[in-house]
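I record here what I looked up in this structure, entry by entry. The model is a predicted one.

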Amino acid sequence: MRIGILTAGGDCPGLNAVIRAITRKGIQEGDNIIGILHGWKGMLTAQHEELTLRSVSGLIHRGGTILHTSRTNPFKEEGGGKKVVGTFQRLNLDALVAVGGDDTLNVASRLFEEFDLPVVGVPKTIDNDLKGTDVTFGFDTAVSIVTEAIDRLHTTAESHDRVMVVEVMGRHTGWIAVHAGLAGGADIILIPERPFDLDEVAEVILARHAIGKDFSIVVVAEGAAVKTSDHVGPIIANGDEKKVDEFGHVRLGGVGHYLAREIEKRTGFETRVTVLGHIQRGGTPTARDRILATFFGVKAHDLVREGRFGMMAAMVGGRIDAVPIKEAIREVKSVDMEFFRVAEIFFG
Ligand code: F6P
């Protein structure tokens with residue numbers, strides 16, 4: 001078979017491990033693997049290159065994606081869906097594997113449902129917010145990076161008696177914030193699923209000081225929802241409020257600085273901010289993410305070979321499985337509140 005593969009949306013540690021797995025297994029079974037460059041943009045422009053054993057050698061530990069990525073939405077363009085189908089035919093493909101988060105998989109699902117394109121999905125996102133799978137690769141790496149950052153920030157927080165606010169990624173959900181916050185011993189964790197009140201945050205910090213804990217670590221997800229008298233929702237204060245990507249997402253960021261100002265105002269304690277940003281998506285994947293990405297890649301190739309199109313590789317109940325892409329993207333997977341309640345025991 002001639003199998004196309006593309007990576008779309010934000011880069012994520014483990015993408016290269018998926019590309020390697022599909023290429024290695026595909027070639028072993030006599031397939032040709034065609035790398036589509038720059039995500040869905042490559043399916044509009046036909047930018048591609050054949051992947052060989054040589055081109056995927058030494059790849060498992062490398063972050064990013066050798067195929068490059070973009071946030072291109074082919075359906076934003078008039079006739080974009082048909083154009084993708086045209087490229088698919090021109091490149092003589094028999095199947096396409098789309099590796100991405102909810103936006104990418106939404107495009108894949110539409111191409112399958114509306115154009116009968118033989119597509120298989122592989123879920124990726126550091127945010128871990130895809131419903132159809134227990135976990136996505138990239139998440140473990142991001143949690144490890146954030147946990148290490150919190151450990152390091154503890155040093156300064158304790159030495160200077162400061163409040164340290166750490167802004168982490170998490171557009172719709174607080175998975176990274178809650179996991180890394182719990183692992184790093186955060187004193188407060190603020191997430192999109194639980195709108196927060198600034199006075200309550202200040203009270204927790206003041207109560208810590210009252211018992212002799214003169215420093216605090218506050219972890220806030222970039223999409224955390226703030227409750228004020230006239231607003232419940234995310235705070236975007238980075239000058240990029242008007243920048244929207246092709247899927248309609250605004251560029252988040254700024255809640256950390258906003259929060260620090262408000263904490264300092266209410267408590268009088270010196271408060272500093274660290275915005276971890278893309279550091280959370282960069283560098284080498286953890287062993288766990290390399291393994292998960294490899295298993296997803298192998299499963300995606302199986303699905304192609306079995307002709308199970310419209311399906312996505314997934315981890316379900318701890319086992320590698322397949323779920324319909326349509327189901328997987330139906331809704332966002334919010335933070336497990338049982339987990340949050342455990343993290344909450346250690347607030348304050
Ligand atoms: O979807 C993953 C993610 O890292 C989000 O947490 C974040 O809001 C977004 O990507 C940032 O994307 P970009 O790098 O394109 O600005």
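**Entry 1: surroundings of T136**

I listed the contacts of T136, leaving aside its neighbours within four places in sequence, and found P123, K124, T125, N128, L130, D289 and L292. T136 belongs to the loop between β5 (119-123) and α5 (139-160). I asked whether T136 is buried or exposed. Its relative accessible area is 0%, so T136 counts as buried, the limit being under 20%.

**Entry 2: a three-stranded sheet**

I then traced an open sheet with the strand order β8-β10-β11 and mixed pairing. β8 (196-197) and β11 (231-234) are the edge strands; each has a single partner strand, so one side of each lacks a neighbour in the sheet. β8 runs parallel to β10 (residues 225-228), and two bridges join them. In this pair I noted F196 opposite V226 of β10.

**Entry 3: salt bridges**

I searched the whole structure and obtained 20 salt bridges. One of them links R162 and E270, with the closest N and O atoms 3.2 Å apart. R162 sits in the loop between α5 and β6 (163-168) and E270 in the loop between α8 (255-267) and β12 (271-275), so the pair ties together parts 108 residues apart in sequence. R162 is buried at 11% relative accessible area, whereas E270 is partly exposed at 33%.

I also examined E262 and R266, whose closest N and O atoms are 2.6 Å apart. Both lie in helix α8, four residues apart, about one turn of the helix. E262 is buried at 12%, and R266 is partly exposed at 32%. I found these two residues in a salt-bridge network with D199 and K265.

Definitions and conventions:
Residues numbered from 1 in each chain as written. Predicted model: local features only at pLDDT ≥ 70, side-chain atom pairs only at ≥ 80, totals over all residues. Heavy atoms only, no water. Buried < 20%, exposed > 50% of the residue type's maximum accessible area, 1.4 Å probe, protein only. Contact = heavy atoms within 4.5 Å. Pairing = 2+ DSSP bridges. Salt bridge = Lys/Arg side-chain N within 4 Å of Asp/Glu carboxyl O.
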